[in-house]
Amino acid sequence: MVSIVETPDTLSGEPRIAETRIGVLDIAELVLDGGYTPADTADQLDLDVAAVYHALAYYHDHAEQMRELRQERRETEKTLSQSALQPPTHVQ
């Protein structure tokens, strides 16, 4: 049986497939946003296809949590891209 776990020391506490570092949101993004089939996603991530479906079910059952995680990722990506565009400051 596939289980979804959240531990603070792995993937910043995001829900993931137990005994892996593969996040529920990562799987959902591949299938829902990336257009990959669950079978292709399972092959790509070396998972059983049942694990992919389990992660997708978790994603849909926890829609508000997943929206919040997506928003956090967007904010982090925006911050990182903005800091990458800033010229380095020189301390004298």
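**Exercise 1. Identify the members of the largest nonpolar core that touch the most other members, and state which helices supply the core.**

Solution. Of the 18 residues in the largest nonpolar core, those that touch the most other members are Val24, Ile27, Leu47 and Val52. A nonpolar core is here a set of buried Ala, Val, Leu, Ile, Met, Phe, Trp, Tyr and Cys residues joined through side-chain atoms within 4.5 Å, where buried means under 20% relative accessible area, exposed means over 50% and partly exposed lies in between, with a 1.4 Å probe and protein chains only. At least two residues of this core come from each of helix 1, helix 3 and helix 4 (63-85), and helix 3 gives the largest share, 6 residues. Helices (H or I, at least four residues) and strands (E, at least two) are DSSP runs, numbered from the N terminus. Leucine 47 touches Ile17, Thr20, Ile22, Ile27, Ala42 and Val52, if residues up to four places away in sequence are not counted; contact means heavy atoms within 4.5 Å.

The model is a predicted one, in which local features need pLDDT of at least 70 and side-chain atom pairs count only at pLDDT 80 or more, while totals for chains, interfaces and linings use all residues. Residues are numbered from 1 along each chain as its sequence is written, and side-chain values use heavy atoms, with hydrogens and water left out.

**Exercise 2. Describe how helix 1 and helix 3 pack, and classify the residues of their contact.**

Solution. Begin with the geometry: helix 1 (residues 24-33) and helix 3 (residues 49-61) pack at an angle of about 100°, and their axes are 9 Å apart. Helix 1 is therefore roughly perpendicular to helix 3, given that angles of 65 to 115 degrees count as roughly perpendicular, those under 35 as roughly parallel, those over 145 as roughly antiparallel and the rest as oblique. The axes are lines fitted to C-alpha atoms, for helices over the stretch in contact, and the angles run from 0 to 180 degrees between N-to-C directions.

Next, list the partners: Val24, Leu25, Ile27, Ala28, Val31 and Leu32 in helix 1 meet Val52, Ala55, Leu56, Tyr58, Tyr59 and His60 in helix 3. The residues of this contact divide into 11 nonpolar, 1 polar and no charged, where Ala, Val, Leu, Ile, Met, Phe, Trp, Tyr, Cys and Pro count as nonpolar, Asp, Glu, Lys and Arg as charged, and the others, Gly among them, as polar. Finally, consider burial: the buried residues of helix 1 are Val24, Leu25, Ile27, Ala28, Leu30 and Val31.

**Exercise 3. Trace the salt bridges of arginine 73 with aspartate 26 and glutamate 29, and place glutamate 14 in the network.**

Solution. The structure holds 5 salt bridges, each being a side-chain nitrogen of Lys or Arg within 4 Å of a carboxyl oxygen of Asp or Glu. In one of them, arginine 73 pairs with aspartate 26, the closest N and O atoms being 3.0 Å apart. Because arginine 73 lies in helix 4 and aspartate 26 in helix 1, this pair ties together parts that are 47 residues apart in sequence. Arginine 73 also meets glutamate 29 in a salt bridge (3.2 Å, N to O), and this pair likewise links distant parts of the chain, helix 4 and helix 1, over 44 residues. Aspartate 26 is partly exposed, with a relative accessible area of 27%, and glutamate 29 is partly exposed, with a relative accessible area of 27%.

Now add the remaining member: Glu14, Asp26, Glu29 and Arg73 are linked in a network of salt bridges. Glutamate 14 is in the loop between strand 1 and strand 2 and counts as buried at 12% relative accessibility. Neighbours within four places in sequence aside, glutamate 14 is in contact with Val5, Glu6, Leu69 and Arg73.

**Exercise 4. Characterise the salt bridge between glutamate 64 and arginine 67.**

Solution. The two side chains meet at 2.9 Å, N to O. Glutamate 64 and arginine 67 are separated by about one helical turn, because they are 3 residues apart in helix 4. Glutamate 64 is partly exposed at 44% relative accessible area, and arginine 67 is partly exposed at 49%.
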